[in-house]
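Please explain how this protein structure is arranged, taking its pockets, a helix, its cysteines and its charged pairs in turn.

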Amino acid sequence: MVDRKKLKTPNGLILGTPGSGKSFSAKREIANCFLITQDDIIICDPEGEYFPLVERFHGQVVHISPTSGDYVNPMDLNLNYSDDDNPLSLKSDFILSLCELVVGGRDGLQPIEKTVIDRAVRLIYQPFLNDPVPEKLPILGDLYNALLSMDEKEARHIATALEIYVTGSLNVFNHRTNVDINNRLVCYDIKELGKQLKKLGMLIVQDQVWGRVTANRAAGRSTRYYMDEFHLLLREEQTSTYSVEIWKRFRKWGGIPTGITQNVKDLLGSREVENIFENSDFIYMLNWRRN
């Protein structure tokens, strides 16, 4: 066993073939961390494997699905979100990634589209920045309405792409957060999200984790983040770029991320994986073969 906090870079990967014990190894480490440290622990659970353990430790399980009553607001903003004086700049970058995932397209967002999104973000957050109380945090529908009010055709194009997530059948992320995401142990169960929503859900969970990491640094507490089916995050440019940023930035903020996957071929197929390996001093490889 290793105390990952003593490593130069505590970031980690747990790799192995199906049935080799990856999830068990992660659960064992989660249990140890919960019992012998004061660290906060957050889990992104795409297959619904971790919530029994979390419930056993009286943690918070967030079941995110179109039929669930658990909601997480992607527009949540912690004023410690960035290490400069303007947390809104980093939040705007996340919302650009979210919109790029929604709008799609081979070339991503165009410069004018990025400009109108950034303008809308600054507009809808102004009431909260003037009076930072939770009730004044915007939701996705506020971004949608701000874009509709603009004259540029690009703004209307983005608003139309967002519509299904605001007023349509996939509006699970158009609500204020109504669960205890400040619990010391939180599991985001996104198993019931469909293919398109799952990618969006994983990106939003990453942003929620970043908010927790920044808040915890101010309190002098470490944050451990476990991502199962990690290869899924590296398939899309937006989520893979965000993942690399986590691997690069978390250490100085007291964060300890861990990626878990059986699809090593998919992992190695990502052009971002080199940055992941270069910033990981903990690599746990599991396998079992019949001779």
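The second largest pocket offers a convenient place to begin; in this predicted model, that pocket has a volume of about 380 Å³. Its lining consists of 21 residues, and those nearest its centre are S97, E100, E237, Q238 and T241. Helix 3 (87–103), helix 7 and helix 8 (237–249) each contribute at least two residues to this lining. Sorted by class, the lining of the second largest pocket holds 10 charged, 7 polar and 4 nonpolar residues.

The largest pocket encloses about 460 Å³ of space. It is lined by 25 residues, and D76, L77, I181, N182 and Q208 are the closest to its centre. Helix 7 (residues 195–219) provides the largest share of this lining, with 5 residues. The classes here are 13 nonpolar, 6 polar and 6 charged residues.

Attention may now turn to a single helix. Helix 5 spans residues 140–148, and its buried residues are L140, G141, L143, Y144, A146 and L147. A general property of helices helps in reading such a list. An α-helix has 3.6 residues a turn, so residues three or four places apart point the same way. The buried residues of helix 5 pack against helix 3, helix 4 (111–130) and helix 6 (153–166).

The loop between strand 3 (60–63) and helix 3 contains G69. This glycine, G69, is partly exposed, with a relative accessible area of 45%. G69 and V273 are 204 residues apart along the chain, and their C-alpha atoms are separated by 35 Å.

The cysteines come next. How many disulfides does the structure contain? The count is 0. For C33, the nearest cysteine sulfur is that of C187, 15 Å away, and C33 is in no disulfide. A disulfide requires two cysteine sulfur atoms within 2.5 Å. The sulfur of C187 has its closest cysteine sulfur in C44, but the distance is 8.4 Å, so the two are too far apart for a bond. Both C33 and C187 are nevertheless away from the surface by the accessibility criterion: C33 is buried at 6% relative accessible area, and C187 is buried at 0%.

The final topic is charge. Side chains of opposite charge can pair when their charged atoms come close. In the whole structure, 11 salt bridges are found. One of them joins K5 to D39, with the closest N and O atoms 2.8 Å apart. This pair links distant parts of the chain, since K5 lies in the segment before strand 1 (12–16) and D39 in the loop between helix 1 (22–36) and strand 2 (40–45), 34 residues apart. Is each partner buried or partly exposed? K5 is partly exposed, at 41% relative accessibility, whereas D39 is buried, at 4%. K5 and D39 also belong to a network of salt bridges that includes R224.

A further salt bridge connects R212 with D40, again with the closest N and O atoms 2.8 Å apart. R212 is in helix 7 and D40 is in strand 2, so the pair links parts of the chain 172 residues apart. Both R212 and D40 are buried.

R119 and E152 likewise meet through their side chains in a salt bridge, at 3.1 Å from N to O. Here the link runs from R119 in helix 4 to E152 in the loop between helix 5 and helix 6, 33 residues apart. R119 is partly exposed, with a relative accessible area of 38%, and E152 is partly exposed as well, at 26%.

Terms used. Residues are numbered from 1 along each chain as its sequence is written. This is a predicted model: local features need pLDDT of at least 70, side-chain atom pairs count only at pLDDT 80 or more; totals for chains, interfaces and linings use all residues. Side-chain values use heavy atoms; hydrogens and water are left out. On a 1 Å grid over the protein atoms alone, a cavity is a set of points where a 1.4 Å probe fits but cannot get out, and a pocket is an open set with protein on both sides within 12 Å along at least five of seven lines; lining residues have an atom within 4 Å of a point. Grid points are joined across faces, edges and corners, and a volume is the space filled by probe spheres set on the points. Helices (H or I, at least four residues) and strands (E, at least two) are DSSP runs, numbered from the N terminus. Ala, Val, Leu, Ile, Met, Phe, Trp, Tyr, Cys and Pro count as nonpolar, Asp, Glu, Lys and Arg as charged, and the others, Gly among them, as polar. Buried means under 20% relative accessible area, exposed over 50%, partly exposed in between (1.4 Å probe, protein chains only). Contact means heavy atoms within 4.5 Å. A salt bridge is a side-chain nitrogen of Lys or Arg within 4 Å of a carboxyl oxygen of Asp or Glu.
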